[in-house]
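Let's take a walk through this structure together, from single residues out to the whole chain. Have the viewer open and follow along.

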Amino acid sequence: MVHVVDLGLPDGGFLMVDLYRLLPEEVDALVGDMGQPRYRADQLLHMLYRQFPSGVSMLKQLPSKMREAINTGGFSIGSASEVGRVASEDGDTTKILLRLDDGALIETVLMQYGGDGGRRTRSTVCVSTQVGCQMACTFCATGQMGFERNIKAEEIVAQVLHFASMLRERGERITNVVFMGMGEPLANYSETLRAVRILTHKRAFGLGQRHITISTVGLASGIGRLAKEGLQVGLAISLHAPNDSLRRKLVPTAKPNSVKELISMTRSYFEETGRRVTLEYALIENVNDSRDLAEELSSLLRGNGAHVNLIPVNPTAGGFRRPDWKRITQFERVLKSSGVNCTVRVEKGVEISAACGQLRTDVTGKGRQIKGLTGRPHESCL
Ligand code: SAH
């Protein structure tokens, strides 16, 4: 039997273990413990990641004895159900609210691109890693919501599979996953990594490692650890300011990690993994969008090789506003003229309340979301 302790479950464990928590090797061990041949493990994995069953009873191709053993062994399927949905008018962006087993509410967003009205060429899921967040970024709806708990690996996987199952009906599939939803992935390191390994394992969901991006507020120890995992996942660091005094106003928990340290981590991440890091910079009117700050950022990044993603801020609470287009392009021009690689994130789903934490805030009324404001989801920085 695969014991709960082997599965790295957080303190106290759980009565039931979701099959979507298991890595393929653990499924092999479980199936072996049940006295079943190895091909049953392949069969089970195939069903889990190609057919998306919603319960153990749906594993019809397995012998009933094995289904029984799964049930009596304390294994289950399914840890999230949809309780809300908003879609942009063009249908490119869909944001869902999922209820987890303990009633916690989280958001997941699907962003689709290309395909000219036919099958979409790119479908990116933006997953949440925590219910709420401890990082307290002043312009972020989730940051203003407080922290409830970490999201378990199987609940992260469930967010992706929820959309994968929906897309399968249209003959489409998930092409990218970005860890840019609610929460700080590197503050929930082991569950995030377990989810990445399941999503990328060839015998499980099988997404290419390079099609995953983890976005972090900049927890240096976590970045260092991630660089040594032997993975090819993309990394995005939320910088938002070129100096510590301004950055600490926007990201109050940033104190232990200086801007200089984070910039040097972009180099070491590249050296370890061969992957260039993206620096996210939420542009906020009259806060971090001046020409001087653009020049300061340019001199910091010259020759560094990192890519800057400028994100005109989604208005949430706190009175932060998005700069006008002229100011956005001026900031972009300064960076580009210094040879810094830079893009302004294209807007999608402007009419839906889709920025980090906004849908949940609308439903629960918690947080300081200003009603009536519209937002934009986080988008893939690939
Ligand atoms: N905690 C992680 C990942 C979640 S947030 C991180 O900080 O990177 C994903 C990205 O969305 C971050 O760059 C974050 O700063 C940005 N973000 C949050 N609220 C935003 C808003 N209102 N407008 C624009 N970007 C926002």
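Two residues are in contact when heavy atoms of theirs lie within 4.5 Å. Before using that, a word on the ground rules: this is a predicted model, where local features need pLDDT of at least 70, side-chain atom pairs count only at pLDDT 80 or more, and totals for chains, interfaces and linings use all residues. Residues are numbered from 1 along each chain as its sequence is written, and side-chain values use heavy atoms, with hydrogens and water left out.

With that in hand, look at F139. Neighbours within four places in sequence aside, F139 is in contact with H240, L250, A282, I284, V313, N314, T316 and F320. F139 sits in the loop between β7 (130-132) and β8 (147-150); strands here are DSSP runs of E with at least two residues, helices are runs of H or I with at least four, and both are numbered from the N terminus. Is F139 buried or exposed? Its relative accessibility is 10%, so F139 counts as buried, given that buried means under 20% relative accessible area, exposed over 50% and partly exposed in between, with a 1.4 Å probe and protein chains only. F139 also brings together distant parts of the sequence: G318 is 179 residues away along the chain, yet the two C-alpha atoms are 6.7 Å apart.

Two of the contacts of F139, H240 and N314, lead us to the ligand. There, H240 and N314 are joined by E184, S215 and S238 as the residues that come nearest, out of 17 around the ligand (a residue is near if one of its heavy atoms lies within 4 Å). Which atoms meet the ligand's nitrogen and oxygen atoms? A polar backbone atom of G183 is 3.0 Å from a ligand nitrogen, and an N or O atom in the side chain of E184 is 3.0 Å from a ligand nitrogen. On the oxygen side, a polar side-chain atom of S215 lies 2.6 Å from a ligand oxygen. The ligand taken alone exposes 530 Å², and the protein buries 97% of that; accessible areas come from the Shrake-Rupley method with a 1.4 Å probe, and for residues only the protein chains shown count as cover.

Next come the nonpolar cores, each a set of buried Ala, Val, Leu, Ile, Met, Phe, Trp, Tyr and Cys residues joined through side-chain atoms within 4.5 Å. The largest has 91 residues, and L19, L44, Y49, I174 and F205 touch the most other members. Helix α4 (residues 153-168) gives the most to this core, with 9 residues. Why does this core lie between two domains? Domain 1 (17-76) and domain 2 (80-370) both give residues to it, so it lies between them; the domain bounds come from an automatic or database domain assignment. Y49, leaving aside neighbours within four places in sequence, is in contact with Y20, L22, V157, L161, I198, A204 and F205. A second, separate core of 13 residues includes M135, V217, A282 and F320.

Finally, step back to the whole chain. It has 11 helices and 14 strands, and 57% of its 382 residues count as buried. Among contacts between residues at least 6 apart in sequence, 66% join residues at least 24 apart.

Conventions. A polar contact is a pair of N or O atoms within 3.5 Å; within protein, one must be able to donate a hydrogen and the other to accept it, and residues adjacent in sequence count only if both atoms are side-chain atoms.
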